[in-house]
Amino acid sequence: MPDDITLQLDRATAEDLYATLYEVGEHIAAGATISPPRVEEAERLGNLLRDLGHGLGRTCSPYCDHLA
Ligand SMILES: [Zn+2]
């Protein structure tokens, strides 16, 4: 499908994404605390967010030249 977006995640990033979505869901549902990510988790999630943004056609910064 031409409008689909495919991202390939390494296991660590997939685990970070799962944990983050789970914690956000618990926070919304029951007010549970969202734990701050460790530095390496924040870096992996930042890279994922950048790549997903590019997949959606969004620039990652005012100087982004990643989109063809
Ligand atoms: Zn970019």
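Where is Gly55 found? Gly55 is in helix 2, and we will come back to it after a look at the whole chain.

## Getting started

Welcome to this predicted model, in which local features need pLDDT of at least 70, side-chain atom pairs count only at pLDDT 80 or more, and totals for chains, interfaces and linings use all residues. Residues are numbered from 1 along each chain as its sequence is written.

## The overall picture

The protein chain has two helices and zero strands. Helices (H or I, at least four residues) and strands (E, at least two) are DSSP runs, numbered from the N terminus. With a radius of gyration of 14 Å, well over the 11 Å that the globule rule gives for 68 residues, the chain is more spread out than a compact globule. That radius is taken over C-alpha atoms, and the globule rule is 2.2 Å times the number of residues to the power 0.38.

Along the principal axes, the C-alpha atoms of the protein chain fill a box of roughly 40 × 30 × 25 Å. Buried residues account for 3% of the 68 residues. A residue is buried if 20 or more other C-beta atoms lie within 10 Å of its own, exposed if 12 or fewer, and partly exposed in between, with C-beta atoms placed from the backbone.

## Helix 1

Helix 1 has 20 residues, which should span 28 Å at 1.5 Å a residue, and its end C-alpha atoms are indeed 28 Å apart. The expected span of a helix is 1.5 Å times one less than its number of residues. Just one of the 20 residues of helix 1 is buried, so this helix lies largely in the open.

Ala14 lies in helix 1 and is partly exposed, with 14 other C-beta atoms within 10 Å. Its C-alpha atom is separated by 15 Å from that of Val24, 10 residues apart along the chain. After helix 1 comes Gly31, whose phi is positive, near 75 degrees.

## Helix 2

Helix 2 has 17 residues and reaches 24 Å from its first C-alpha to its last, close to the 24 Å expected. Glu41 has its place here, and counts as partly exposed with 18 C-beta neighbours inside 10 Å. The C-alpha atoms of Glu41 and Leu21 are separated by 13 Å, with their positions 20 residues apart along the chain.

Now back to Gly55, which is exposed, with 12 other C-beta atoms within 10 Å. Leaving aside residues up to four places away in sequence, Gly55 touches Ile5 and Leu7; residues are in contact if their C-beta atoms, placed from the backbone, lie within 7 Å. Just after helix 2, Gly57 takes a positive phi of about 85 degrees.

## Where the helices meet

The axes of helix 1 (residues 11-30) and helix 2 (residues 39-55) come within 9 Å and cross at roughly 90 degrees. Axes are lines fitted to C-alpha atoms, for helices over the stretch in contact, and angles run from 0 to 180 degrees between N-to-C directions. The two helices are therefore roughly perpendicular to each other, a label for angles of 65 to 115 degrees.

Helix 1 brings Ala12, Thr13, Asp16, Leu17 and Thr20 to the contact, while helix 2 brings Glu41, Arg44, Leu45 and Leu48.

Conventions:
Angles under 35 degrees count as roughly parallel, over 145 as roughly antiparallel, 65 to 115 as roughly perpendicular and the rest as oblique. Two residues are in contact if their C-beta atoms, placed from the backbone, lie within 7 Å.
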